[in-house]
Amino acid sequence: ESVVNRIAAGEVIQRPVSAVKELVENSLDASSTSISVLVKDGGLKLIQVSDDGHGIRYEDLPILCERHTTSKLSKYEDLQSIKSMGFRGEALASMTYVGHVTVTTITRGQLHGYRVSYRDGVMENEPKACAAVKGTQILIENLFYNMVARRKTLQNSADDYTKIVDLLSRFAIHHIDVSFSCRKHGAARADVHSVATPSRLNAIRSVYGLSVAQNLIKIEASDNDPSSSVFEMDGFISNSNYVAKKTTMVLFINDRLVECTALKRALEVVYVATLPKASKPFIYMSITLPPEHVDVNVHPTKREVSLLNQEVIVEKIQSVVEPVLRNSNE
Ligand code: ADP
Ligand code: MG
């Protein structure tokens, strides 16, 4: 049974960056205002995510890492999207089958926190009382220690740390009311360091730099025609002065970090037609749709979404972006 669990877990957590994504989303779900990530050896040796969220209650610790244990089901039922969220309550459990997980947490109003380690879905010992300030810290050590081939592949492939920095950068410019940091173990400074700010442009500047932030145009659109597609969109797109080798598209749909290749391609087409010299844009876009219109792929490692009325929405967004780019070029 443990082999089966391990294989399933290795599907949910495919690389260090998939573990980081799950942990950060948990921290966001816990209403954190500050999230810091520490990574050693591309995440294979250590991933530590610390937050200042609401913490985990003592009585929830024994089952925390059991599969399909989630405190969030009712919320997803409301959204009629259990299916689309897929694999709920599996992330932490999965990590315990492919790594060593230690949780330190304190809930509001408590004098001390608890620390407990997990292996293969169960607690290794009773939770021990410990000093803690606020929130939760989750430590994953020796990820894929029991999956020799996976470890080898990851060690030989480009450092996952770059992917982790990219992920945190994306979260940081969307959740601008949350402070993020991402640091390599032993490094003096953080590679992502964004302080909560009311200004999205500030956040983009601190994460992607001035060369990006100073070349952005704000875009906004909404469509309330229920017969086609109810949606809202806002974001920033690069102007003719932004020249890059590849497109950066940071897309959130209903506050979930996703990818939509059709939309990305469609926007590249608009750039080629209007700003050919700047045809690899930087795009940050946040779209709100009725949840039943969004089908997040059930596989948690694939971020690709498919949307009901996708063509209508993509065309609508193209028609908003195109005149903005044309005007900016004059
Ligand atoms: P899910 O997020 O789908 O519920 P997970 O396996 O990711 O499943 O997490 C299991 C449960 O652990 C969550 O439902 C939540 O109650 C709790 N949890 C995990 N991380 C945190 C955190 N950083 N702060 C508070 N609670 C957490
Ligand atoms: Mg989760």
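In this predicted model, strand S2 (residues 46–51) is joined to strand S7 by five bridges, and the two strands run antiparallel. Within this pairing, Val-49 lies opposite Ile-138 of S7. S7 also pairs with strand S3 (residues 100–106), again in the antiparallel sense, over seven bridges; here Thr-104 is placed opposite Gln-137 of S7. S7 itself covers residues 135–141, and five of its seven residues are buried, so the strand is largely enclosed by the rest of the structure.

Helix H7 (residues 160–174) is likewise largely enclosed by the rest of the structure, because 12 of its 15 residues are buried. The buried set includes the nonpolar side chains Ile-164, Val-165, Leu-167 and Leu-168, and among its other members are Asp-160, Arg-170 and His-174. The length of H7 agrees with expectation: at 1.5 Å a residue its 15 residues should span 21 Å, and its end C-alpha atoms are 22 Å apart.

A further set of strands forms an open sheet of five, in the order S10-S11-S14-S12-S13, with mixed pairing. S10 and strand S13 (256–258) stand at the edges with a single partner strand each, so one side of each has no neighbour in the sheet. From one strand to the next, the twist averages 20°. The edge strand S10 runs antiparallel to strand S11 (residues 231–238), to which eight bridges join it, and Ala-221 is found opposite Met-233 of S11. Helix H11 (residues 310–328) packs on this sheet and touches both S10 and S11; the direction of H11 makes about 145° with that of S10.

Asp-223 belongs to S10, which comprises residues 216–223. With 16 other C-beta atoms within 10 Å, Asp-223 falls between the limits for a buried residue (20 or more) and an exposed one (12 or fewer), and is therefore partly exposed. Between the C-alpha atoms of Asp-223 and Val-165 the separation is 34 Å, the two residues being 58 apart along the chain. Val-165 is one of the buried residues of H7.

Around ligand 1 there are 21 residues, of which Asn-26, Ala-30, Thr-70, Ser-71 and Ala-91 come nearest. Helices H2 (16–29) and H5 (91–98) each contribute at least two residues to this shell. By class, the shell contains six nonpolar, 10 polar and five charged residues.

Terms used
Residues numbered from 1 in each chain as written. Chains lettered and ligands numbered in written order. Predicted model: local features only at pLDDT ≥ 70, side-chain atom pairs only at ≥ 80, totals over all residues. Helix = DSSP H or I, 4+ residues; strand = E, 2+ residues; numbered from the N terminus. Near = placed C-beta within 6 Å. Pairing = 2+ DSSP bridges. Axes fitted to C-alpha atoms, helices over the stretch in contact; angles between N-to-C directions. Contact = placed C-beta atoms within 7 Å. Expected span 1.5 Å × (residues − 1).
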